[in-house]
Amino acid sequence: MTSNHSAPTPDVLADRLARLGQGAGVADRQAVLPDRLRMFHQRLLGAFLTETAPPDGPVVAGLAAERAALAAADLVHPDPATGTIAVAYPFSGRPTPYRVKLAGGPAVFAMCAVDALGIPQMLGRDGRISSLDPTSGQPITVEVHAGAWGFLPATTVVLSAGPLLAMPVTRPPSGAVPTSTSTPTRSRPTRTSELIPT
Amino acid sequence: MTATVFGQAEAVQAAGQAFGGLLDPPDPQETTP
């Protein structure tokens with residue numbers, strides 16, 4: 001099979017995203033991207049592992065259409081004030097209560113608890129998640145080593161505002177993808193899960 | 001909105017499903033135009 005690297009029309013991508021439904025996760029949404037856009041998405045994710053600040057400048061400059069498409073797919077969202085990447089699930093470009101220290105570095109921030117748990121698995125690396133009980137401020141630590149997970153306190157659970165994999169698709173920006181689909185919308189990225197000691 | 005509690009193993013598995021393979025190169029047999 002020959003790969004076709006030409007970009008689909010916005011309505012084609014919108015249709016693919018709409019067919020995924022509300023339960024689609026990040027990997028599902030990435031999978032419907034054309035190859036060229038998928039590789040750009042992977043470059044943005046990789047930049048979080050090599051840069052000390054959220055990706056900007058050469059990483060995203062001059063790629064407005066691509067950034068708009070990734071935002072329409074609810075994969076990457078820029079900071080409207082600075083243009084830097086504020087969100088590239090599972091990474092956050094801003095400090096959050098979910099800090100993930102990867103074995104061998106670097107340390108990154110995740111958008112929520114499930115995103116933090118996903119970062120070591122996405123990379124196939126060991127890591128340590130540091131968080132706080134949002135109510136008491138009690139430290140919570142999660143470590144993974146060679147696929148074995150340890151939670152401290154041991155009674156820690158994940159509290160989610162919805163299904164763990166459900167990430168509603170945001171309303172596409174004007175001109176990026178037609179809004180004729182009936183996909184649910186979310187005005188801005190939000191945290192959807194927390195670590196809670198019980 | 002009602003919050004739901006998930007156990008550790010379930011949350012780890014869901015996270016793996018959500019993000020595992022996100023940085024893998026595209027399968028040449030499953031390219032997406």
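Student: In this predicted model, which residue of β6(A) stands opposite Val100(A)?
Tutor: Start with the strands. β4 (residues 99-102) and β6 (residues 127-132) of chain A run antiparallel and are joined by four bridges. Across that pairing, the residue opposite Val100(A) is Ile129(A).

Student: Which strands stand at the edges of the open sheet of eight strands in chain A?
Tutor: The pairing in this sheet is antiparallel, and the order is β1-β2-β3-β5-β4-β6-β7-β8. An edge strand here has a single partner, so one of its sides is left without a neighbour in the sheet. That description fits residues 76-78 and 148-152 of chain A, which are β1 and β8.

Student: What is the strand order in the open sheet of three strands?
Tutor: Take the pairs in turn. β9(A) is joined to β10(A) by four bridges, antiparallel. On β9(A), residues 157-160, three bridges also give an antiparallel pairing with β1(B). The order is therefore not a matter of chain A alone, because two strands pair when at least two bridges are found between them. It reads β10(A)-β9(A)-β1(B).

Student: Which are the edge strands of that sheet?
Tutor: An edge strand here pairs on one side only. This is the case for residues 193-196 of chain A and residues 4-6 of chain B. The edge strands are β10 of chain A and β1 of chain B.

Student: By how much are neighbouring strands of this sheet turned against each other on average?
Tutor: The sheet in question is β10(A)-β9(A)-β1(B). Direction is ignored in this average. The turn is 30°.

Student: What angle does the direction of helix α5(A) make with that of β10(A)?
Tutor: α5, residues 113-123 of chain A, packs on the sheet. The helix touches both β9 and β10 of chain A. Its direction makes an angle with that of β10(A) of about 85°.

Student: How many of the 11 residues of α5(A) are buried?
Tutor: The buried set includes Val114(A), Leu117(A), Ile119(A) and Met122(A). Asp115(A) and Gln121(A) also belong to it. The helix is largely enclosed by the rest of the structure, because the buried count is 10.

Student: Which side chains of β9(A) point to the buried face?
Tutor: Side chains alternate along this strand. Val157(A) and Leu159(A) point to one face and are not buried. The buried pair, pointing to the other face, is Val158(A) and Ser160(A).

Student: Which residues of β1(B) stand opposite Val158(A) and Ser160(A)?
Tutor: Ser160(A) has Ser193(A) opposite in β10(A). In β1(B), Val158(A) stands opposite Phe6(B). For Ser160(A), the residue opposite in β1(B) is Thr4(B).

Student: Buried or partly exposed: how does Leu23(B) count?
Tutor: Leu23(B) lies in the segment after α1 (8-19) of chain B. Its contacts across the chains include Leu45(A) and Met122(A). A buried residue needs 20 or more other C-beta atoms within 10 Å. Leu23(B) has 16 C-beta neighbours inside 10 Å, so its class is partly exposed.

Student: Which three residues touch the most other members of the largest nonpolar core?
Tutor: The core has 50 residues. One of the three touches Leu44(A), Leu45(A), Phe48(A), Leu75(A) and Val76(A), leaving aside residues up to four places away in sequence. Val114(A), another of the three, is among the buried residues of α5(A). The three are Ala88(A), Ala110(A) and Val114(A).

Conventions: Residues numbered from 1 in each chain as written. Chains lettered and ligands numbered in written order. Predicted model: local features only at pLDDT ≥ 70, side-chain atom pairs only at ≥ 80, totals over all residues. Axes fitted to C-alpha atoms, helices over the stretch in contact; angles between N-to-C directions. Contact = placed C-beta atoms within 7 Å. Core = buried A, V, L, I, M, F, W, Y, C linked by C-beta atoms within 7 Å. Buried ≥ 20, exposed ≤ 12 C-beta atoms within 10 Å, placed from the backbone.
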